[in-house]
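User: Could you take a close look at the aromatic rings in this model and walk me through how they pair up?

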Amino acid sequence: MKEIPEEAIKAIKEANKLVVLTGAGISAESGVPTFRGKNGLWKRFRPEELATPTAFKKDPKLVWEWYNWRRGLIAPIEPNEAHRLIAEMEKLYPEFIVITQNIDGLHKKAGSKKVIELHGNIWRVKCTKCKFKEENRQVPLKELPPKCPKCQSLLRPDVVWFGEPLDKEVLEEAIFHSETCDLMLVIGTSAVVQPAASLPLIAKNKGAKVIEVNPEITPISAIVDWSLRLKAVEFAQKLREHLFS
Ligand code: APR
Ligand code: ZN
């Protein structure tokens, strides 16, 4: 579907608790590469060499050089109309939560207040040994690989790598909101990485309406209530007319 059906608009307008689940596709039109698209990151880099604890153990400098490059790429990037509309929608609902798989920080940069970052944030670093954690926006990083100021051990990006569990509280909160929303908007995710990919199924099983926004078909396209073959920005432009005009 290239238009937003009337009944989908009605469901969005009538929702009490709206959850938006986003993936790399929502940041694509801001210029942040996705992972699995035609020119996605995993076409040019091998995730097992860069985004796993083993890779980091084997060559922390290589992994940090890759994150340094990604941080440099993301630093000047601005949120797009989809991030902005989602931020503005917050005030229309009694409860409005953004659950994102993205580590680019663009939802918060657009003004969203309640953002659950399932896979962490590229702008946060944490110590591999002690509890030290801080926001670090140096571009480029002054020291590669960066060291903990408390114990001199290696710092790492505060992101979730393949083979790592998500932060327990973060995941529990995301599941709770998926179970208790009455509408979930799923924007820009290939819906193949767990546990994020299960959140729309959880919402559906608990009776929520689920709307998917993705120019491609995904494994959840068949189970959602409306699967819209739209890009995030064109969807946001159409929805804005219904919500704010
Ligand atoms: N608007 C909406 N969706 C888009 C757009 C766009 N302009 N451009 C691409 N997409 C869609 C693609 O069709 C694809 O389905 O966005 C999706 C991006 O999928 P992935 O690259 O797999 O990104 P994501 O689903 O967020 O990946 C999940 O995998 O590599 C890990 O941790 C990483 O958080 C990431 C997780
Ligand atoms: Zn430390």
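Analyst: Happy to; here is a tour of the ring pairs, followed by the charges over rings. This is a predicted model, in which local features need pLDDT of at least 70 and side-chain atom pairs count only at pLDDT 80 or more, while totals for chains, interfaces and linings use all residues. Residues are numbered from 1 along each chain as its sequence is written, chains are lettered from A and ligands numbered from 1 in the order in which they are written, and side-chain values use heavy atoms, with hydrogens and water left out.

Rings of Phe, Tyr and Trp (its six-membered ring) pair if their centres lie within 6.5 Å; planes under 30 degrees apart count as stacked, over 60 as edge-to-face and the rest as tilted. By this rule there are nine aromatic pairs. In one of them, the ring centres of Tyr67 and Trp161 are 6.3 Å apart with planes at 50°, so the pair is tilted. This pair links distant parts of the chain, 94 residues apart: Tyr67 lies in helix H6 (residues 60-74), and Trp161 in the loop between strand E6 (155-159) and helix H9 (168-180). Helices (H or I, at least four residues) and strands (E, at least two) are DSSP runs, numbered from the N terminus.

Tyr67 has 2% relative accessibility and so counts as buried; buried means under 20% relative accessible area, exposed over 50%, partly exposed in between (1.4 Å probe, protein chains only). Trp161 is buried too, at 3%. Tyr93 and Phe96 make another tilted pair, 5.7 Å centre to centre with 35° between the planes, and both residues are buried.

Ring pairs also join Phe35, Trp42, Phe45, Phe56, Trp66, Tyr67, Trp69, Trp161 and Phe162 into a cluster. The charged end of Arg156 sits over the Trp161 ring, 3.9 Å from its centre, and that of Arg70 sits over the Trp66 ring at 4.7 Å. A charge sits over a ring if NZ of Lys or CZ of Arg is within 6 Å of the ring centre and within 35 degrees of the ring normal.
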